[in-house]
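Student: I would like a close look at the salt bridges in this protein. Please show me the structure, then walk me through them and their surroundings.

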Amino acid sequence: MKKPFGKKDKAPKKPLTVDQQITRRNFISFGSFIVLSGAAYGGWKWLYNSPEETASVTAGARKPLRRALNKTELAFRKFFSNNNLVKTYPKEMAAKNVRHNSDIGSEGKIDVAAWSLQVKKQSGEVLKITLDEIKALPKTDIIYDFKCVEGWDQISHWGGVKFSDFISHYKLDDQTSLGYVGMETPDKEYYVGIDMPSAMHPQTLLAYEVNEKPLPPKHGAPLRLIIPVKYGIKNLKRIGSISFSDSRPRDYWAEQGYDYYSGL
Ligand SMILES: Nc1nc2c(c(=O)[nH]1)N[C@H]1C(S)=C(S)[C@@H](COP(=O)(O)O)O[C@H]1N2
Ligand SMILES: [Mo]
């Protein structure tokens, strides 16, 4: 007769009864649960008791957390390429009712005729550009999945001028050797900092249309940033000024503890 288990000379181990097997598995899974939750609790407590970062361009996060965010940014930046495009969709898939979120610095009506975009060169020279001048530049449309850090996303359709086309038209190429672009609302209440490679990405737009119509105030009239490689927080509505710098420009949500890079 063939032996069911083990080697020839060894006495076969008495198989565990079903009850014993269950007890044993319970013991292992409960034990692992205790050990893992202990580690998770310890880790959380360590983070909770760790010092908060020194407030500057970024603020409000625990030091180790900010270190992790900055490390992730470095890793992301290594893989960032202008050849990697964000997925786009056919026009029919764009939402008809475009979701509207917060309006810090872009509340209420705006006098578009009185508005102009201020472009501050690092030399101190300031260009003032009207909406008609921007609309005269080559137009680009994009239909993509807009993502907000609050956990919603929506396929939406935007139109405007590519940031990189805008740069070359206004002969701002020398400014792009700097590390960052800063954008602020006219009242300076909302502001973002964007790393130069993301700003110059071919899908980044200075947008003046949504669903082929002029932007309404709630979506950032007369001009907003549409930057598909970033979360919604970086897509500043109602741009008042654009500046260039090597240090990180101030950023509304980074000052509240969010990731400065906020890449997708
Ligand atoms: N001026 C200004 N721009 C802003 C915001 C804001 O509060 N003020 N909120 C940001 C956030 S968090 C998101 S998700 C998008 C929302 O854009 P929408 O209202 O067009 O959907 O705008 C971004 N740009
Ligand atoms: Mo958002």
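Tutor: Here is a tour of the salt bridges, followed by a few other sites.

This is a predicted model. The count of salt bridges comes to ten. We will take some of them in turn.

Start with Glu53 and Arg66. They form a salt bridge, and their closest N and O atoms are 3.0 Å apart. Glu53 sits in the loop between H1 and helix H2 (63-79). Arg66 sits in helix H2 itself, and 13 residues separate the two. Is Glu53 buried or exposed? Glu53 is buried, because its relative accessible area of 10% is under the 20% cut-off. Arg66 is buried too, with a relative accessibility of 4%.

Next comes a pair between two loops. The side chains of Glu212 and Lys91 meet in a salt bridge, 3.3 Å from N to O. Glu212 belongs to the loop between S7 and strand S8 (213-214). Lys91 belongs to the loop between H2 and strand S1 (117-120). The pair therefore ties together parts that are 121 residues apart in sequence. How covered are these two residues? Glu212 is partly exposed, with a relative accessible area of 43%. Lys91 is also partly exposed, at 44% relative accessibility.

Now look at Lys237 and Asp103. They form a salt bridge, with the closest N and O atoms 3.3 Å apart. This pair links distant parts of the chain. Lys237 is in the loop between strand S9 (224-226) and S10. Asp103 is in the loop between H2 and S1. The two are 134 residues apart. Lys237 counts as buried, at 11% relative accessibility. Asp103 is buried as well, with a relative accessible area of 17%.

Some salt bridges share partners. In this way Lys139, Asp141 and Glu209 join into one network. Take Glu209 from that network. Glu209 is found in strand S7 (residues 205-210). At 15% relative accessibility, Glu209 counts as buried. The side chain of Glu209 makes a polar contact of 2.7 Å with the side chain of Lys139. Which residues touch Glu209, once neighbours within four places in sequence are left aside? They are Lys139, His157, Trp158, Gly159, Pro214 and Leu215.

Move on to Pro138. Pro138 lies in the loop between helix H3 (131-135) and strand S3 (140-147). Pro138 counts as exposed, because its 52% relative accessibility is over the 50% cut-off. Leaving aside neighbours within four places in sequence, Pro138 is in contact with Gly160, Val161 and Asp165. Pick out Asp165. Pro138 and Asp165 are 27 residues apart in sequence, and their C-alpha atoms are 7.7 Å apart in space.

Return to the loop between S9 and S10, where we met Lys237. Asn235 lies in this loop. Asn235 is buried, with a relative accessibility of 4%. What does Asn235 touch, not counting residues up to four places away in sequence? Its contacts are Tyr144, Phe146, Arg224, Leu225, Ile226, Ile227 and Lys230.

Strand S10 (residues 241-245) comes next, and Ser245 is in it. Ser245 is buried, with a relative accessible area of 16%. A polar atom of the Ser245 side chain lies 2.8 Å from the backbone oxygen of Ser247. Not counting residues up to four places away in sequence, Ser245 touches Gln122, Leu178, Gly179 and Tyr180. Leu178 shows how the chain folds back. Ser245 and Leu178 are 67 residues apart in sequence, but 5.6 Å apart in space, C-alpha to C-alpha.

For contrast, go to helix H1 (residues 18-49), where Phe33 is found. Phe33 is exposed, with a relative accessible area of 52%. Phe30, Phe33 and Ile34 form a nonpolar patch on the surface. Together they have about 340 Å² of accessible area.

Finally, step back to the domains. The domain assignment gives domain 1 (22-51) and domain 2 (63-98 + 105-256). How far apart are the C-alpha centres of domain 1 and domain 2? They lie 43 Å apart.

Methods. Residues are numbered from 1 along each chain as its sequence is written. Chains are lettered from A and ligands numbered from 1 in the order in which they are written. This is a predicted model: local features need pLDDT of at least 70, side-chain atom pairs count only at pLDDT 80 or more; totals for chains, interfaces and linings use all residues. Side-chain values use heavy atoms; hydrogens and water are left out. Helices (H or I, at least four residues) and strands (E, at least two) are DSSP runs, numbered from the N terminus. Buried means under 20% relative accessible area, exposed over 50%, partly exposed in between (1.4 Å probe, protein chains only). Contact means heavy atoms within 4.5 Å. A polar contact is a pair of N or O atoms within 3.5 Å; within protein, one must be able to donate a hydrogen and the other to accept it, and residues adjacent in sequence count only if both atoms are side-chain atoms. Patches are made of residues with over 30% relative accessible area and no salt bridge: like charges are joined within 9 Å, nonpolar side chains (Val, Leu, Ile, Met, Phe, Trp, Tyr) within 5 Å. Accessible areas come from the Shrake-Rupley method with a 1.4 Å probe; for residues, only the protein chains shown count as cover. A salt bridge is a side-chain nitrogen of Lys or Arg within 4 Å of a carboxyl oxygen of Asp or Glu. Domain bounds come from an automatic or database domain assignment.
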